[in-house]
Amino acid sequence: MTKLSNIVTRVEEVIMGVLMAILTITMVTAVFFRYVLSDPLPWATEVSIYLFIWFSFIGGSWGLKYGTQAAVTFLLDALSENKQRILKIVQDVIMLAFLIIILIYSVKWLMLPSTVLQKSTSVGMPMWIPYSAVPTGILFATIHIVARLIRLFKNEEILQEKEIGDELP
């Protein structure tokens, strides 16, 4: 499962890089058209929002793997190593249950006829495309949590934080 989590991480990093590049190009182009040419692009804001939504869900999953979310750890730090492991297992089981529930309901929502037939206002894009960010990000996060749980049960070292530049190709 760790291998799958690592593959998903690489996919997330590629997706985030592509999304950020497209978002940057879109925003720079929109600013240029609005302020230099005085002819704003009506679709730029909508596209930027959808790109940012995708980036947020993929990035949230990526951050979950490395434990980069803000956390209050004074209770955890006060416990013995074995009790810390038990508390982390409980935490991850609760998070896994939550992610599975959100995944199930987001897929059900995505498959509703009203969602499938809905189009965006400016671009006319099917709304299932931006809405797919939710189950995709949640699925990736679920994979990372399951891999972390397996490592915790095996009592293996957990990668807590990712240093900038580590594990990059």
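## Briefing: a nonpolar patch, two helix pairs and a salt bridge

Val72, Phe74, Leu75, Ile86, Leu87, Val90 and Ile94 make a nonpolar surface patch of about 730 Å². The model is predicted. Besides the patch, this briefing covers the packing of α1 with α2, the packing of α4 with α7, and the salt bridge of Arg10 with Glu13.

**Nonpolar patch**

- Two helices, α3 (74-78) and α4 (81-110), each supply at least two residues of the patch.
- The largest share comes from α4, which gives four residues.
- Val72, one of the patch residues, lies in the loop between α2 and α3.

**Packing of α1 with α2**

- Two packed helices are described by the angle between their axes and the distance between the axes.
- Helix α1 covers residues 2-36 and helix α2 covers residues 44-66; their axes come within 9 Å and cross at roughly 155°.
- An angle over 145 degrees counts as roughly antiparallel, and α1 and α2 are therefore roughly antiparallel to each other.
- The crossing of α1 and α2 is left-handed.
- Sorted by class, the residues in the contact of α1 with α2 are 17 nonpolar, seven polar and three charged.

**Packing of α4 with α7**

- Helix α4, which also contributes to the nonpolar patch, packs with helix α7 (residues 133-153) at an angle of about 155°.
- The axes of α4 and α7 are 9 Å apart.
- By that angle, α4 and α7 are therefore roughly antiparallel to each other.
- The crossing of α4 and α7 is left-handed.
- The contact of α4 with α7 has 20 nonpolar, three polar and four charged residues.

**Salt bridges**

- Side chains of opposite charge can pair when their charged atoms come close.
- There are two salt bridges in the structure.
- A salt bridge joins the side chains of Arg10 and Glu13, with 3.3 Å from N to O.
- Arg10 and Glu13 are separated by about one helical turn, because they are three residues apart in helix α1.

Technical notes:
Residues are numbered from 1 along each chain as its sequence is written. This is a predicted model: local features need pLDDT of at least 70, side-chain atom pairs count only at pLDDT 80 or more; totals for chains, interfaces and linings use all residues. Side-chain values use heavy atoms; hydrogens and water are left out. Axes are lines fitted to C-alpha atoms, for helices over the stretch in contact, and angles run from 0 to 180 degrees between N-to-C directions. Angles under 35 degrees count as roughly parallel, over 145 as roughly antiparallel, 65 to 115 as roughly perpendicular and the rest as oblique. A crossing is left-handed if the near helix is turned anticlockwise from the far one by less than a right angle, and right-handed if clockwise. Ala, Val, Leu, Ile, Met, Phe, Trp, Tyr, Cys and Pro count as nonpolar, Asp, Glu, Lys and Arg as charged, and the others, Gly among them, as polar. Patches are made of residues with over 30% relative accessible area and no salt bridge: like charges are joined within 9 Å, nonpolar side chains (Val, Leu, Ile, Met, Phe, Trp, Tyr) within 5 Å. Accessible areas come from the Shrake-Rupley method with a 1.4 Å probe; for residues, only the protein chains shown count as cover. A salt bridge is a side-chain nitrogen of Lys or Arg within 4 Å of a carboxyl oxygen of Asp or Glu.
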